[in-house]
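The questions below ask how certain words are justified for the structure shown. Each answer sets a value against a definition and then concludes.

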Amino acid sequence: MKLKVKHISNSKQAYRVELPNCCCLAELKHALVEQVQVLASASPDDVMISLNKKDSLSGDDNAAVSSFGVCSGDLLWVMAPALAPAAPHPASTAAGCSVAATTAAASTAPAAAPAAGTAVHVPDASILAATAAAASADVEMADVTQHEQPFADDAAEQAAEGEAAAGEAAAAMDNTLLEAQHYPARAWMPDHLQRLLTLLAQQQQQQQQQGI
């Protein structure tokens, strides 16, 4: 006898059960516990079966299943016991915890400080101003393209802020260059900075000679 079995709480999952044609109700319950995966941990005495999802097959466990109207090819519904909720997969849980811990560590880690004695590259004021102006122009174009006309005013405001920031950076660089005129070139300095300081020193000497 071949039967199709479904649990009442999961009608999409079907199981195939085979048992002798002349079997009793108790043997049917034992076969369900042995062959249906979701009932593997259940006791045969706790299994309740129905043909119509309403009325359970109850009576003498030694009576033939045919006396309850069960025939080969029928669909049986398991009314009890209830299915236990599925536990989360250990691997996915561990991976989620690892990602969360990594993210938290990265967010709290302090930024690495530059090593002592490391030469710091000082960009030219004109290059810095041009880079800032180009970046602000790119921001303006991207903003207008994405949001179209209603947000054009915001893009113009951002561009003005970028130009102001570039002007401040250029002024700061000019002050830095003026201070650098009082310091001679050193061997540990980058080549372009040495040339710049040498040139400034020569210009200062020429101005002093002309003034004399």
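Q: Which residues is Val70 in contact with, leaving aside its neighbours within four places in sequence?
A: Val70 is in contact with Met1, Leu3, Leu51, Leu57, Val65 and Leu76. Contact means heavy atoms within 4.5 Å. The model is predicted, with local features needing pLDDT of at least 70 and side-chain atom pairs counting only at pLDDT 80 or more, while totals for chains, interfaces and linings use all residues. Residues are numbered from 1 along each chain as its sequence is written, and side-chain values use heavy atoms, leaving out hydrogens and water.

Q: What makes a set of residues a nonpolar core, and which members of the largest one touch the most other members?
A: A nonpolar core is a set of buried Ala, Val, Leu, Ile, Met, Phe, Trp, Tyr and Cys residues joined through side-chain atoms within 4.5 Å. The largest one here has 24 residues, of which Val5, Leu28, Leu32 and Val70 touch the most other members. At least two residues each come from β1, β2, α1 and β4. The largest share, 5 residues, is supplied by α1.

Q: Why is Val47 called buried or exposed?
A: Buried means under 20% relative accessible area, exposed over 50%, and partly exposed in between, with a 1.4 Å probe and protein chains only. Val47 has 2% relative accessibility, so Val47 counts as buried. Its place is in the loop between α1 and β3. Leaving aside neighbours within four places in sequence, Val47 is in contact with Lys29, Leu32, Val33, Ala80 and Pro81. Buried residues make up 22% of the 212 residues in the protein.

Q: How do you know which elements are helices and which are strands, and how many of each does the protein have?
A: Both are DSSP runs, numbered from the N terminus: helices are H or I with at least four residues, strands are E with at least two. The protein comes to 5 helices and 4 strands. From the N terminus on, these elements run β-β-α-β-β-α-α-α-α.

Q: What makes β3 and β4 a pair?
A: Two strands pair if DSSP finds at least two bridges between them. β3 and β4 (residues 75–80) have 3 bridges, in the antiparallel sense. In one of the bridges, Ile49 has Val78 in β4 as its partner.

Q: In what order do the strands form the sheet, and why is one side of β2 and β3 left without a neighbour?
A: The 4 strands form an open sheet in the order β2-β1-β4-β3, with mixed pairing. β2 (10–18) and β3 (48–50) stand at the edges and each has a single partner strand, so one side of each has no neighbour in the sheet.

Q: How many disulfides does the structure hold, and why is Cys23 not in a bond with Cys24?
A: The structure holds 0 disulfides. Cys22 is in none, the nearest cysteine sulfur being that of Cys23, 8.1 Å away. A disulfide is a pair of cysteine sulfur atoms within 2.5 Å. The sulfur of Cys23 is 6.6 Å from the closest cysteine sulfur, in Cys24, and therefore too far for a bond.

Q: Are Cys22 and Cys23 buried or exposed?
A: Cys22 has a relative accessible area of 77%, so Cys22 is exposed. Cys23, at 3%, is therefore buried.
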